[in-house]
Amino acid sequence: MRWKAWLIPVLAALAAVPAAGQTAPGHYYDVDKEVRFEGTVREIVLEPRYKGTAPFLVLRVEESGQKAMVTVEISPSWFFGEDIHGGEKVKGIGSLAEGPDGTRTIIARELQFRGETLTLRDKRGFPSWQGGPKGRRGPKRFGGL
Amino acid sequence: MIIRKMRHIVLLVLVAAVSAQGATVTLTFHQHATRNLFQTNAAVAEQISAFSLAFNQDISALSLFANVGYSAFHQTGGLSYFAADLGLDHLVPAGAKSAFYFAAEGAGAFYGREYEAFSTLGGSLTGAFKTYLAPSSILRVQWQGMYASYADSLFNFLSHAASLSIDKYFPTRTTLKADAGYGYKYFLHPYVPVTADPLPEGGAVVMGAGGGGWGSGTGAGSGSGSGWGGERYEGGFGFIPRAGEGGAGIGHVSVSVLVAQGIGDVVGLSASAMRQWIVSGENPFMSIEEFYLVPNPSSDAFSWDGLQLTGRITLDLPWSVEIKTGYTYSDKTYPGVESMGLDGLPLGIVRNDVRHLFEARLEKSFRFFSLFLAYSHIDNASTDPLFHWSSGYVMGGFQWNLPARRKGGLS
């Protein structure tokens, strides 16, 4: 029974944690507003996006065939996990939000570049990232695939 | 006892997963089949079922991560093990183009009685810095320190590794990357005392620490011997330590280069070469062994000197299908480890393995989960005949992101 006693404060702390992860109203992944995007990365920045979370990696992408720029929000820790460069061509799927001033932001769910696809969220918009430099965990096999 | 403790950890992670809003929770299941679990010329077939549950939650600017897993070995039950890790990481921006990353992690793995020597508790600290020197060029510096304590103290170690990398992306969709690294591993109890018993013909019988390792040796501060091929770890035969005293640390430096090329939207190619040199010390064990999926403490990135060449092709196909194939050639020498004949006599040469590894992986993503199937084939030629082997490995499984409370998850 003793182990249950120490679980109580731990569970209480966990129950309190979500309050720290609240996000700005109206800024969430809306599966009904999914769009495809394609273009060239012109700028890469780290920006605070949500209260109480680490800053996010954000790409400014010049859309193919247009002069318009769109902001693509990637993920927090992904900054260390994968290397993307200015000038790279990317395409992907994400949820589009338009600000009152007409600025367009896409919360990316899937990003394709260099012939590979990175899944940032599942098809309901739930985050798939974890880690930092260590990336995936679990039993190690040989090789890297 | 261990199982009972692990139940509590699993319960804690599950409760945390259910209660946490905005958390990332991932459930994975992998099924493996192999004809050579211990990677020797005496092939032992095995099937392994591996489950894991990973949890990631932002707490203000910190991120809490936890992972619990269980790998069930169906034939060699003693190798079945629980593994768990728990840690915090923190990303600190330094301007809009740079960031520091810090992480602290505790980890443990718990085996059954037959392989209890591998049970371990430890921790690691990681620090990294990444910056865009220009939009098309990235500089990264990373350091990691580790400590691990094993049930058999022979394996206890402190280690650290540092690396520096720089890359450049060109408009031709070519990426060039260069990397330099340094690592040092210090074994806290690498040798057992020299036996006072008379030497038998050809060497010494050495009783191992922590429950009876034994093998043949050639005297204080050095030794030789083939491994036991994994199976004989069972029943109390531990690993083969060397006798006497000597340098307990092994250090290396490495350099690597990588070229990656995108072709259209579908194909990604990459080729890399790595050269590693042991610059101080040697392996303190008389044998280096690798088991499939089991982190054998005698074998890791610190144990070899040599060359590794890798080529990969990735196909990003319609309907969320991805195919990856790869080939790796490696030529590794293990300083301090002498090759032995199958008759148990030393061959007078340091062990060297030349390996050809072929890999292929097919992955299909669905709305709620992804499925994959992978195959690997290895041809391993070694100067120690026990480790001259060839075998195939099949793996399949799924990964499922468990639903959190709010539609759309975090953000």
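Biologist: How many helices and strands are there in chain B?
Modeller: This is a predicted model, in which local features need pLDDT of at least 70, side-chain atom pairs count only at pLDDT 80 or more, and totals for chains, interfaces and linings use all residues. Residues are numbered from 1 along each chain as its sequence is written, while chains are lettered from A and ligands numbered from 1 in the order in which they are written. Helices (H or I, at least four residues) and strands (E, at least two) are DSSP runs, numbered from the N terminus. Chain B has one helix and 20 strands.

Biologist: Which element gives the largest share of the largest nonpolar core?
Modeller: Such a core is a set of buried Ala, Val, Leu, Ile, Met, Phe, Trp, Tyr and Cys residues joined through C-beta atoms within 7 Å, where buried means that 20 or more other C-beta atoms, placed from the backbone, lie within 10 Å of a residue's own. This core has 35 residues, and Phe55(B), Leu79(B), Tyr81(B), Tyr111(B) and Tyr292(B) touch the most other members. Among the elements that give two or more residues to this core are β2 (46-59) and β3 (62-73) of chain B. The largest share, five residues, comes from β2(B).

Biologist: What is the average pLDDT of chain B?
Modeller: pLDDT is the predictor's confidence in each residue, from 0 to 100. It stays under 50 over residues 405-411 of chain B, and where pLDDT is low, the predicted coordinates should not be read in detail. In chain B, 78% of the residues score at least 70, and the average pLDDT is 81.

Note on methods. Two residues are in contact if their C-beta atoms, placed from the backbone, lie within 7 Å. A residue is buried if 20 or more other C-beta atoms lie within 10 Å of its own, exposed if 12 or fewer, and partly exposed in between; C-beta atoms are placed from the backbone.
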